[in-house]
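Here are a few exercises to work through with the viewer open. Try each one yourself before you read its solution.

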Amino acid sequence: MSQHQTSQSSSAMSVRNTGIALNAETGNGQEFLTFTLGSELYGVDILKVQEIRGYDTVTRIPDAPEFIKGVINLRGSIVPVVDMRLKFNLGNAEYNEFTVMIILNIAKRVVGMVVDGVSDVMALSDEQILPAPEFGGSVDTRYITGLGTLDDRMVILVDIERLMSSSDMALVSQALS
Amino acid sequence: MSIDLQRFHKSFFEESFEGLDAMEQALLALDISAVDAETINTVFRAAHSIKGGAATFGFSSVAEYTHGVETLLDEMRSGKRSVTQGDVDLLLRVVDVLRGLLGAARDGSAVDVEAVASTQAGIARALAGEGSRPALSAVADIPPAPASAGWLIRFEPRPDLFRSGNDPLRIIRGLEALGKLEVEVDTSALPGFADADPESCYLAWTLRLYGDVTRAEVDEQFSWVEDDCRLLISPLVVAKTTAVVDTTVNATIEAQVAERTAATKPQLTLVHGGGPEPAPAQPARNADVSSIRVGTEKIDALINLVGELVITQAMLTQQASHLDPVLNEKLLAGLSQLDRNTRQLQEAVMSTRMLPIDSVFSRFPRVVRDLASKLAKQVKLVTVGESTELDKGVIEKITDPLNHLVRNSLDHGLELPAQRLESGKDPTGTITLKAAHQGGHIVIEVCDDGRGLDRARIVAKAQANGLITAVQAETMPDSEVWQLIFSPGFSTAEKVTDVSGRGVGMDVVKKNIQALGGQVELDSIAGRGSRTIIRLPLTLAILDGMSVAVGGEVYILPLNSVVESLQPTADQVKTIAGQGQVVKVRNEYVPLLALWQLFNLRSEIREAHRGILVILESDGRKVALLVDELVGQQQVVIKNLEANYRRVPCISGATIMGDGRVALILDFAELVRTASGAVAA
């Protein structure tokens, strides 16, 4: 029991150490919030996540793509909501009391992202992150920073900032991108 | 004890710039033929306090420069020299140079060395030519202060005297140097030791100064602190001085100056006291607390909070509307009370951001004066409605466009005096700046009585630029021709001057005003003058809205664009060549725009006669908007949609409704354009 504890804490230490090294070199965080879309597990940098909340009624925006559900009132500010399931044609886009969205804080903008489910926060050391191969995933490989493995599960790590500010998300004015 | 002077710098600069503004205004108001001693004194005081402050804070360049200016002003003040137009021009240039020097001291920006040198030389010349005969009028205003047996001075500094870097002891020592001084300290305001703030001044003094000292010398000692204290100076009446008694002797002057109200006349009575004008009837006893300086970000935070409160209140009211009024009488009464209070609070908070438009208008006398002399034109500037209030944010953004319009009027509109005489007009042209409230808008007009716009030249230029065709040139109504001026790169001026004529102006003016949610109109009569009318919303933060429902969504229409709403009969609606629909409203055909079609909504109501038409007007054009139903009217707080999202066509922003949901605000001007475009196509 005590041995287990020590090993755990030492591994946490090592993660933290590599994390610092990672931060210094690449600017990437080492902790990821993972969520599911269909059967795939995705991870985003935890530092970009502002909060997780249930799905509310949204106000539709005219002339918006189908995956932009609309805008919500997040404590006084108007925040657009994107349904990733519609964007990537994954899972069933059902809205019920279990539907969750991840509120992201990206480049001083706030965006809500509807996903199938939020799984866990996981720490990955850089040995656990492999470069993304060319593969036919639902997400364009340009936005994938790597593949993480943890307990035989594969996590697709997404550069959420780049994805959300890209022109195919239609979240920012074309003039900007 | 060393005091960190750094933290006083900011207020020194703020006060100095305000002082310069006051100087400028006083100089412009100065009438050479009848010099008003009080005006000169205002200018002098501003220069004096800038010099004093600059010397204290170690901005020696500013202090040295101001010293020469002060000497010149002192001569004017004391009547030693008459004030000429040249002096006023010189002093106005001095104001500009001082602005530059202060700016340089604050931000390290570059100084116009040439201007400094030339004005300094000008002052030196003016001082050298001291022999200029004193103007009689100036002397008449200033009878020499009678030398009395002495002065009784009551000096009550405000508690925060030390914070402005002043020391009463220095003043008392200075007085002592003038003559025999008796000092009494009044310690009655001194709190207990535990409550005393070491940085506050609790003491007051009664001073008796004996000797042949002039009032001016006494005032000089207090000149740095007169804003920060209650000061009573009265001559010591000695029994034997009978013959000298003069009206001025009785004049007890309360030298209390309204704190920094640079724009208002100084309430400090003149050094000579009494004279023809009465002593100030209402000394501004509470003037020192009548205004405080608050950062705009604090006010904005307050406005945001009140905005949220209004939303919460609306939410409560909506929830309570389902309650039984009999069972919940007290709750409902409380809620309606809350409604009133919130509304009042909102109005009060909004009004803190409102400033009179005078703060913009007041800069134009200078602009017009400088420009008129440069262009050799005679111009009179008339301002009307300076007290009209509008949002500070709007004021800041309206200054540049207005400046541009005034310069345009002066350069292009007004003719040279000779030309004006030829066409039978007063050789002095008039430019009028007018502001007034009109509904939820403020309307600002810039008028001139010049030659008006030249249709032929504008049309020719537009044709040359390929903006219009020859046919259009013939048939276009005047109002559309004038709109051409707002096209980018359009200027009919024959030569480009540094005043205007580069053609980058009017399109920028229009863009800036549209960005504020306003509109520009032009009106002109050849030979009689032209008029630019700017229509602006009062504030950028709150909107009177009408909520309408379409396909389960609620949209907000700005109430000031809504003309009327009606339920048409089927035969009122006509289709035009399969292109679009119009609706006949009282002998007028108005293009019809179905919101469900435009926004691609699933609405049950597709035919006009089953829904409701809201008639909107913008730019003199109307459009009938088909909606499912009208929901209500309410004030909404405008939220930016683009902060987290992008611009959406026909949507100007969003707001949060009483139930916490988001509703989009429709951009009526764009809707009208869309509709007219659809029918015209």
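The exercises below concern a predicted model, and each comes with a worked solution.

**Exercise 1. Work out the overall make-up of chain A.**

Start by counting elements: chain A has 3 helices and 11 strands. Next, put them in sequence order, which gives α-β-β-β-β-β-α-β-β-β-β-β-β-α. Then turn to burial: 30% of the 177 residues of chain A count as buried. Finally, look at contacts with a separation of 6 or more; in chain A, 55% of these come from residues 24 or more positions apart.

**Exercise 2. Trace the six-stranded sheet of chain A and find its edges.**

Begin with the strand order. The sheet is open, and its 6 strands in chain A lie in the order E8-E1-E2-E11-E10-E9, with mixed pairing. Now ask which strands pair on one side only: these edge strands are E8 (117–123) and E9 (129–130) of chain A.

As a reminder, strands of a sheet pair through backbone hydrogen bonds, either parallel or antiparallel.

Zoom in on one pair. Strand E1 (residues 31–37) of chain A is joined to E8(A) by 6 bridges, and the two run antiparallel. To see one of the partnerships, select A:Leu33, whose bridge partner in E8(A) is A:Val121.

**Exercise 3. Describe the side of chain A that touches chain B.**

First, count the residues: 20 of chain A are in contact with 20 of chain B. Second, find the strands involved. Strands E4 (68–74), E5 (77–83) and E7 (109–115) of chain A each contribute at least two residues to this side. The one that gives the most is E5(A), with 4 residues. Third, sort the chain A residues on this side by character: 11 are nonpolar, 6 polar and 3 charged.

**Exercise 4. Check the length of helix H3 of chain B, then see how it packs.**

Take the length first. Helix H3 (residues 60–77) of chain B has 18 residues, so at 1.5 Å a residue it should span 26 Å; the C-alpha atoms at its ends are 25 Å apart, which agrees.

Next, pick out the buried residues of H3(B): among them are B:Val62, B:Tyr65, B:Val69, B:Leu72, B:Leu73 and B:Met76. B:Glu70 and B:Arg77 are also buried.

What do the buried residues of H3(B) pack against? They pack against helix H2 (37–56), helix H4 (85–107) and helix H5 (113–128) of chain B.

Last, step just past the end of H3(B), where B:Gly79 takes a positive phi of about 80 degrees.

Note on methods. Residues numbered from 1 in each chain as written. Chains lettered and ligands numbered in written order. Predicted model: local features only at pLDDT ≥ 70, side-chain atom pairs only at ≥ 80, totals over all residues. Pairing = 2+ DSSP bridges. Buried ≥ 20, exposed ≤ 12 C-beta atoms within 10 Å, placed from the backbone. Contact = placed C-beta atoms within 7 Å. Nonpolar A, V, L, I, M, F, W, Y, C, P; charged D, E, K, R; others polar. Expected span 1.5 Å × (residues − 1).
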